[in-house]
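Trainee: Could you take me on a close look at one part of this model, the small sheet at the start of the chain? I would like to see how its strands are put together and how that part sits in the whole.

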Amino acid sequence: MKELVCIVCPRGCQLKVDDKMNVTGNFCPRGKAYAISELTHPVRVVTSTVKLKNSQYVRVSVKTSQAIPKEKMFAVMEEINKVTLSSPVHIGDIALKNVLNLGVDVVVTKNINK
């Protein structure tokens, strides 16, 4: 039996999942979906920073536009670390399009005008 803490909402339900993927301890259906997803195909949103030129700031925050397979996190980070942007940048600007052909972009999460 696997034990997880649901992170879908702040409630933090203590989930238990047996070998047949029966989930207990969830307050809502989202907890069951989370547990099954986490055990069969875990995904994560990657947050990081990229280098920034022509600005008083050295870096700007970015994140993946969608969750990516957990096993691809380090490879995505390697690609993010290669990126350098020039200011100005705005929330939603694409820093890296279709990273690793996953169908997910890396987008800027902060406005920097100079």
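Mentor: Happy to! Strand 1 and strand 2 run antiparallel to each other and are joined over 4 bridges. One of the residue pairs to look for is Glu3, which stands opposite Lys16 in strand 2. Keep in mind as we go that this is a predicted model.

Now step across to the other side of strand 2. Strand 2, residues 14-17, also pairs with strand 3, again in the antiparallel sense, here over 2 bridges. Lys16 turns up once more, standing opposite Thr24 in strand 3, and Val17 stands opposite Val23 in strand 3. Put together, these 3 strands form an open sheet in the order 1-2-3, with antiparallel pairing. Strand 1 (2-5) and strand 3 (23-24) are the edges; each has a single partner strand, so one side of each is left without a neighbour in the sheet.

The side chains of strand 2 are worth a careful look. They alternate along the strand: Leu15 and Val17 point to one face and are buried, while Gln14 and Lys16 point to the other face and are not buried.

Next, follow the chain out of strand 2 into the hairpin. There are 5 residues between strand 2 and strand 3, and among the residues of this hairpin Met21 takes a positive phi near 65°. Asp18 also has its place in the loop between strand 2 and strand 3. With a relative accessible area of 24%, Asp18 counts as partly exposed, because buried would require a value under 20%. Asp18 also leads us back to where we began: Asp18 and Glu3 are 15 residues apart in sequence, and their C-alpha atoms are 9.0 Å apart in space.

The cysteines of this part deserve a moment too. The structure holds 0 disulfides. Cys6 is in none, and the nearest cysteine sulfur, that of Cys13, is 5.9 Å away. Cys6 has 5% relative accessibility and therefore counts as buried. For Cys9, the closest cysteine sulfur belongs to Cys28, at 5.8 Å, which is too far for a bond; the cut-off for a disulfide is 2.5 Å between the sulfur atoms. Cys9 is partly exposed, with a relative accessible area of 26%.

Let's place this part in the chain. The domain assignment gives domain 1 as 2-40 and domain 2 as 47-108. The C-alpha centres of domain 1 and domain 2 lie 30 Å apart.

A second sheet is there for you to set beside the small one. In that sheet, 5 strands are arranged in the order 8-5-6-10-9; it is open, and its pairing is mixed. Its edge strands are strand 8 (84-86) and strand 9 (94-96), each pairing on one side only. Direction ignored, neighbouring strands of this sheet are turned by 45° against each other on average. Strand 5, residues 47-53, pairs with strand 8 in the parallel sense over 3 bridges, and Lys53 has Ser86 in strand 8 as its bridge partner. Helix 2 (residues 73-80) packs on this sheet, touching strand 5, strand 6 (59-64), strand 9 and strand 10 (106-108). The direction of helix 2 makes about 10° with that of strand 5.

Finally, zoom out to the whole chain. It has 2 helices and 10 strands, and along the sequence they follow the pattern β-β-β-α-β-β-β-β-α-β-β-β. The radius of gyration is 18 Å, well over the 13 Å that the globule rule gives for 114 residues, so the chain is more spread out than a compact globule. Along the principal axes, its C-alpha atoms fill a box of roughly 55 × 25 × 20 Å. Buried residues make up 31% of the 114 residues. Of the contacts with a separation of 6 or more, 44% are between residues 24 or more positions apart.

Definitions and conventions. Residues are numbered from 1 along each chain as its sequence is written. This is a predicted model: local features need pLDDT of at least 70, side-chain atom pairs count only at pLDDT 80 or more; totals for chains, interfaces and linings use all residues. Side-chain values use heavy atoms; hydrogens and water are left out. Domain bounds come from an automatic or database domain assignment. Buried means under 20% relative accessible area, exposed over 50%, partly exposed in between (1.4 Å probe, protein chains only). Two strands pair if DSSP finds at least two bridges between them. Axes are lines fitted to C-alpha atoms, for helices over the stretch in contact, and angles run from 0 to 180 degrees between N-to-C directions. Contact means heavy atoms within 4.5 Å. The radius of gyration is taken over C-alpha atoms; the globule rule is 2.2 Å times the number of residues to the power 0.38.
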